Structure formats: structure tokens, C-alpha cells
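Visitor: Before we discuss the model, could you show it to me, and then explain the terms as we use them?

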Amino acid sequence: MKVAMADNVTLLSFCIIERDSNGDVLWTWIYPSITTEQRSLVTRKCGLEGDQNRLQPFLYGRFRSAWYYINSTEVFESDSLPRVKQFALSLWAKDFNPEKYETLCRILSKTYCKTGNPIAMLQLYLSVLTRGSCMTKENGTFFVKEFDQQKNLVNTNVKELIKTFGLETILIYTALLLKKRIIVYHHSIEVLLKSLRTFPALMWHRKTWDMLFPWVDIHPDELMDLRGRQYYVGGCRDASICSRKDLYDILINLPAKEINIAPRAKESMIMTKTHKEIALFMMQLAENTTISEQQVVHEIAKKTGDLLAHLRSLATVNTSDGKPMVCIETLRERALPPALENFLFNLAIAENMMML
Amino acid sequence: MIPRTICGNVDVQQNSSDMEEVDKIIIHSLRQVGCDIEDEIESLQQFTTELVVEATVRCLRVIQPGLTLPVSLPSSMSARFRIGAEIAQVCSDLGYGGDVGYQTFLYSSVTDIRKVLIFLIEKLPKESEKVVEVPSGKAALLQQSLSDLLRKQFNTPWIPNYCKNKGIRWFKDGSWSREGYLHCHQFYSCPLVVPPVTTKKLEITEKSKDYYKMHTPYITEQIKNSNELVPSLIQLNANSLTLEQLHSEKDSSVLMKPWLPSLEKTSKLMSSKDEPLEPYARSLVGLSGKKPIPRPRPPPKPKHLTEETPSPPKSTEEVPADKEKTHDEEEKDSEKSIENLKQKMEDMKISFEDLRNEVKTLKVKASQAMEELREEEKPCQEVEERLALWRRTQEILPRPGSDGLAGEGVERLKSMADGSARRLLSLASAWDEHRTALLSEYRHLREHDTNRTSEAQRQAELLRSLREKTREVMEEVREKEQIRKQLTTEREKVNKDVGRSAYTRRIMEIIGNIRKQNEDIDKVLKDTKEVQKEINQLTGRLDRSFTVADELIFRIQTEEAKSVASNLERITADLRQMRQESAALAARLERKS
């Protein structure tokens, strides 16, 4: 019961922004409340200002510790919203679950279109909030439970990624493993969002989206989020991010299919034999057409597990909590080649297993 | 001795002999002053312009010593004019009453010159009064120049410091002097690096030579402030002098200044031999220790050069030996210090590496700590939230001991949730009424506004087009006006010759003629048409009769074939007869006509 309740309390707020026939962009409904920063962020991202004809697809991103989902809808003459041409529904939630929120947004938007009355929308929202489900006439019932977060990880594109970058995928893998700051660039927001979901899949053993920032614009508010962190995977559709060397250790340029490493991260990204093995293994997996996406993810996770097991074997010391830690001396004793030693050192720090 | 026969307001007589006398006196006086006048010249009439100017200038120089007017005239006209004017100015300054200008000297008339020269000669001081000193000796010369300068300075008015650049003040004759003390600055010296130049042959290595050649900046760049240059140079010279003396003492070479007693100096040098070098040694020691490196102070002013404290003289034999010993000691010291420095450098390198590693580990530790903090904060927050939730549920749940069951609690919760949801909805709907009303009003007003603006735009367009039109019409009107004017003027021009009625009459006549001609033409046309009609009728009739005749003839031919020949004969005979008759008629007609 408690867990279910906790699940339901993931919704934070929702708001509607309309664009009317006069060309004004107005905030028409907010429940319960959002901060000024969130407001300016959504105004920036909803895309209602400017070009009238382009309707944005379902978008999402992360700001501070909350996730926002924006669904844009075109209003037709038949709908009950007079003088409104388009509107965007923005939903704020604590968890990352694009499918769930996309469905919910769509239901809410449709209701709003049909009735022209936000009260109906509010009813549905409150119902989801309190009960975890809501009923609509056309779309049937919506259950929060159907959208399990674990299923999220299925919606990935690891094979595509490996095929695109070939052997260089190992750089992405290493960067994720060593908890570096990664920025991904693509000019189309949909492709960007889709590809960003793949990255956590490579680190299956961590099972968290905490480092993901799917959509970052070069704006001080958003950059502040990034600056405070040592480790993130951020997506940007502004090409000038490539010149901001202070924001990334690795830059992945999707349209150009290039990976740039910032100078200060070069020494930790030196490749060793282990890396080569893993790279070749990943290539094999990608070329194999018989296995599914999920299997690929699992196989990579297994490989990572092996690597971590090897690291754990070096952990000779135990902390007060009983956690195995690696000492520098043990590492040096092994007399490994310097690149490999450096890599293991950084990996241990990333996995919090280094005794300093 | 200049005879004082010519005095005060001399009434110059036009008597030539007197004039000759006066001239002679004047020339004699001028010769005494120093003018180079030839013996042949005996009257002022013979004086050339140059001579006049020379005479005047020499007299003025004697009267006002220190006057810088040239004796000879320069060639350029403007310079001449200037000098003439100056001389005139000086003369009038002296008190000459008459009218004097450049023309007096450059384009001279005898009487004017005479008057001026008389005046000047009167002004000449007596021999007895003038003390002509022949300066002798450098000290006397110095004093002389000092007094000249002071006199010049006293004669010029005081000006405040801000009119003088660094205290320099320019005089009229081109010279300058420094006044006041505001331009002075303190004696700050700083150490300069110059290649060593000593009489003793020190070995300068190739590297040092190279350094001095290529890398040493100019002394003007070695100082921080331009005011420090001169003091630094003075200090440098003084230092090198003392060093020189030290070395020279060791070599027992020629001593320097004669104004220092030799024995005293050596003793003083002995006692203070380390003074110039001590700071260097101290600074070297400073490098080797872990304390901060002190800036090498410039060596103190060689006080022993100016001091005169007596000290017991030491034996000269000890002197050279001690000197040699100190030189070796110094070398050893410097070698030792170099070794120390090298050692220290190695140590510092090691410590630097250690520090760097430490910094790295600390950084990593810091990041780890931050991560841990974040991780610990998260569950902390969750726990807090859960606690708040627990408290709330506890408030809602029935107290232990009452009859409520867990199921009931859940039911109550649900009903409460529903109730609050309903309340929220009612609030929201109430709010929504206001909201939609306001929103629609806002939108309506905006629309209205945009409409108005578009309306306004349209009106503006209309106005603009109307304005265009009016402008065009105005243009046209103007053009027409112009044409009208033109035509009226033309008409006025033309109107005087012939009246308008003549033209109109002629026009009317022509019109009448034309009308008549038209009528005639019409008549003729009608006649022609009728004739044509008749012709057509007749032709038709002819054709018809021809065909009838044809038929008849054909019929008759078949029926009366017999009578044809006789008829034919008869007819041909008739025909012949007719022909004859007609021929006769024709001939008669011809004869008649």
C-alpha cells in the first residue's frame, strides 16, 4: 500500500500554455503551482513562440530533480476552445517514464480539446494522483501500474548505436563506466531524445537515470544543473555546445558520427587490451541479427559484470561497513601496464571502491 | 677718457663745421668703444648701414653688458628688420626721447643717426666708473659666469612652478635655468646589471658574454622609474670604484684619488672589506634555506670613502697575505653555496611531485565525498517524506482502542481523498469561471485591438493613396496651368496682327464650299447610280430579247427553211443598201461638220 502510494505521488504539477489567434502565448492553467524558473524553462521549450506551422512532438527533459513532459496539440475548429490555435500541456513528475506520461498527456489534452474545460482535466489528473487510474470515454481506462519503469529500459537502441560508431563505441562505454561528463549533440530533438535513452542501457548494472539530462539548452539555469555534477549524460540540440569545452569530457556528435574527447579527459580515456576485447565483443553483438535488443543489453551488462568482478578481486581491504575496497598498493603490486592500472584506478573510484 | 663735452639737450646746429666737429668726436668715441671704423671715414655721412648698426650695438653693449644683439647685420631682410626693431626698442628703453624705429638704423638719415649716437655716447658710463676686470683663472671665470647668471635671473620676473616644466625656465636669449626644488626627487637607486669593466682582468665566461650581449636589457629598462636612473648609475659607479680599489689594493696597483690618505684607506678597506660582498653572500645563504628568498639589497654606499674615522694602521706585510686568503675563501664559499642550492632544488622537486599527487588524491576524495553526500541526502529526503506521510495517516487513522478496523480506515481515507478532490474541483470550477471570463475578454480585446490596428492601417493606406492621387492631380493642374499660360502668351503675341473674325469667316466659307461640293458629289453619285441601273436594265432586256430572238430564229428556221434563202437574199440586199445609205449619210455628216 505504501509503495503504491509512493508511486502515485510522482506527479508534481501540470500546466497549459495556449497560443491564440492573436498570436499571443498565454499561460492559462497551472495546478498546483510551479516556480518562476520552471515557468521560464517551459516557455522556452514548448515551442509555441515563433513558427506557427511546426507542431512539436512529445518532448521531455529534466530540470533540477524533476522531469518535465511537454505535449503539443493542434486545435481545430470543431474543438471547444475558441480563438485558440495550439496549446501545449506540460506535466512535471519525479520519475522518468516517457511512455506513461505521454499517454497521460495525450488523454488530458484530448479531454481539454473536447470539453474546453480544464475542470474535466483536473478531475482526471486528481484521479490519477489519488487512485492511480482514470477513466475516459474514448480511451478507456488508464492505469499507472501498466507503465512499469523496468519496461522502460526496453525502449533502447543499443544496436543502432554500436553500428553507428563502430569500434568507437568503446569510448562511450568507458566514459559511462568511469563516470565522465558526456554531451550528446543532434540537431533534431526527437532523434536526440531517442538516442539519449540508450545510454543508461549500457550501464545496466546501475539501473538509474539520475545522470540523464535529455534536453539541455545553453541557458544559465540549465547549465547550473550540469555544473554542480561530476557525472552526467546531457543532450543538446544547439551546435554551439561543441565549443563549450568546459561542459564536457566527451562530446558525441551524432549527425557527424564523431566522438571528441576534451584534453583534460584524454589521460583517463587511454585504451587498453581489455577495452579492445569489449569493443570487438560489442561489434559482434551488433552484427548478430538474430538476437534482440534486450539480449544485447544483457550481454553487455554481463561483460561489465565480469570487469567489475575482476576489480573486486583486487579489493583486499574491507571498510567498516564490510565493503571491499582496493588499495593503491595492491594495484601497484600487480605491476600492470600503466594504462590498465590507470583505468582500474579510475574504475574503482567510479564504483566507490577505492581506498584513498 | 670720453670727453664729456656733449651734454644733455644739445641743440644740433646745421652748421657744417660744427657738424664735422661733432662727427669727429662721435667717431673717436666709437673707436674707443671698440668699433672698427676706418681712418678715412670722418663724418657720419660716410657711415654705411652696417657701420651704423655696429656702432649702435657696441655702444649698447657697453651701456648694457649682457646684451645679445649681433654686431653685424645678417643678410636676410626679415632678420635685419627684427634686429633694427630690437635696437630701436633698447634705445627707447634707455630713454631716448626722439622717434626711433628700425628705419632709423636701416634706412638712416644723418641727422637721426647723429642724434641717436650722441644720446648713446652720453649714456656710456665713464671709464673711471667702469671696472674692467680681465678674468683670470678658472675660479674667477666661474664666479663671473655665476654673477652673470644670477643677474639674468634676478632681472626676470618670478613665475610659479606650474608654468615651468620640471623647474626649467627659458630666457629670451635661448638659455635656460632650473629654478625651485619641486623637480627634485629622492635618491633611489636599484641594482643594475652591466658587463663588468675593471682594470684587473677578470675571466668572463662565454656564457656570461653571451648573456650580456643578447639578454641583458638596457639600463633604461632595468629601472622601474626614470628618476632612478641617475642615482642607480651613481651608485653603480661608486660600487665599481670601491671594488676596483679592493682589487687594486691586492695587486698593489696605482691608487685612485689623490685626496684620500692611503694608509687610512687600506685599513678601512680591511675592516670593511666584506661590506660590499656581504649582502651578496647573505642572499646566497638565503636561497639555500627554506625561508623565503630575500631580495639582494644593493650594497650600502661606500661610507668608508667619505668617513674619516681614524683606525690603527696595520702592517703592510699582513695586508697582501690576508687579501689572498679571503679570495680563496670566497671561491670556496660560492662553490659550497652552489652545491647547497642544487641539493635544495632536488628536494623541492620531490616535494612538488608529492604535493601534486596529494592534490590529485584530495580532488578525488572531494568528489567522492560529494557523491556520498548526495547519495545520503536522497534517502534522507525520502525518509523525511515518508515520515510526514506516516504522521498524516496516523492522524487520519482511528486511535488505537476505538472500534475502528483497518478496512474502515482505508474507507475513510478514500472518502476523505474523494471529498478533498471534490472540494478542489469545486474551487477549480469557481476559479475557472473567473478565469475563462477574463481570458476571453482579454482575447476579445486583443482581437479588437488588432482589428483596430488593421483598420487603422487600412485607413492609413487609403489616406496615402488619396494623397498620392491629389498630388498627381495637382501635378496635372500645374501642367495645364503652365500650358494655358503659354498659350495665352502666344495668343497675345499673335492676336495683335490678325483678327479672329477673318479666320472664322474663312472657316465658314470653306465649310460652305465643302458642303456644296458634298452635295454635288452626292448628286453625281445619284446620277451615276441611276445610269448604272438603266444600263443594267437594258443589258438584261437585251439578253432576254437575244434569247427570245434565238428561239424565234430557231423555230422559224425549221419551219420556214425555204424562204430562208430568198429572205436571206432580200435581207442581204437590204443590208447592203442600208450600209450604203449609212455610209452616204456619214459622208454627208462629215462634209457638213
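Guide: Buried here means under 20% relative accessible area, and in this predicted model buried residues make up 54% of the 356 residues in chain A.

Visitor: What makes the contact of B:Lys378 and A:Asp210 a salt bridge?

Guide: The rule asks for a side-chain nitrogen of Lys or Arg within 4 Å of a carboxyl oxygen of Asp or Glu; the side chains of B:Lys378 and A:Asp210 meet at 3.6 Å, N to O, and the pair therefore qualifies under that cut-off. Between chain A and chain B the count is 6 salt bridges, while 8 residue pairs are in polar contact across the interface. On the side of chain A that touches chain B, β1 (11-20), β2 (25-31) and α4 (118-131) each supply at least two residues, and α4(A) gives the most, with 6 residues.

Visitor: How is the size of an interface often given, and how much do chain A and chain B bury between them?

Guide: It is often given as the accessible area lost when the parts come together. Chain A and chain B bury about 2,700 Å² between them, with 55% of that on carbon and sulfur atoms, and 30 residues of chain A are in contact with 29 residues of chain B.

Visitor: Why is the span of α3 in chain B called close to the expected one?

Guide: The expected span is 1.5 Å times one less than the number of residues; helix α3 (residues 77-94) of chain B has 18 residues, for which 26 Å is expected, and reaches 26 Å from its first C-alpha to its last, so the two values agree closely. Among the buried residues of α3(B) are B:Ile83, B:Ile87 and B:Leu94, and the buried residues of this helix pack against α2 (49-63), α4 (102-106) and α5 (110-123) of chain B.

Definitions and conventions: Residues are numbered from 1 along each chain as its sequence is written. Chains are lettered from A and ligands numbered from 1 in the order in which they are written. This is a predicted model: local features need pLDDT of at least 70, side-chain atom pairs count only at pLDDT 80 or more; totals for chains, interfaces and linings use all residues. Side-chain values use heavy atoms; hydrogens and water are left out. Helices (H or I, at least four residues) and strands (E, at least two) are DSSP runs, numbered from the N terminus. Buried means under 20% relative accessible area, exposed over 50%, partly exposed in between (1.4 Å probe, protein chains only). Contact means heavy atoms within 4.5 Å. Buried area is the accessible area (1.4 Å probe) that two parts lose on being put together, summed over both. A polar contact is a pair of N or O atoms within 3.5 Å; within protein, one must be able to donate a hydrogen and the other to accept it, and residues adjacent in sequence count only if both atoms are side-chain atoms.
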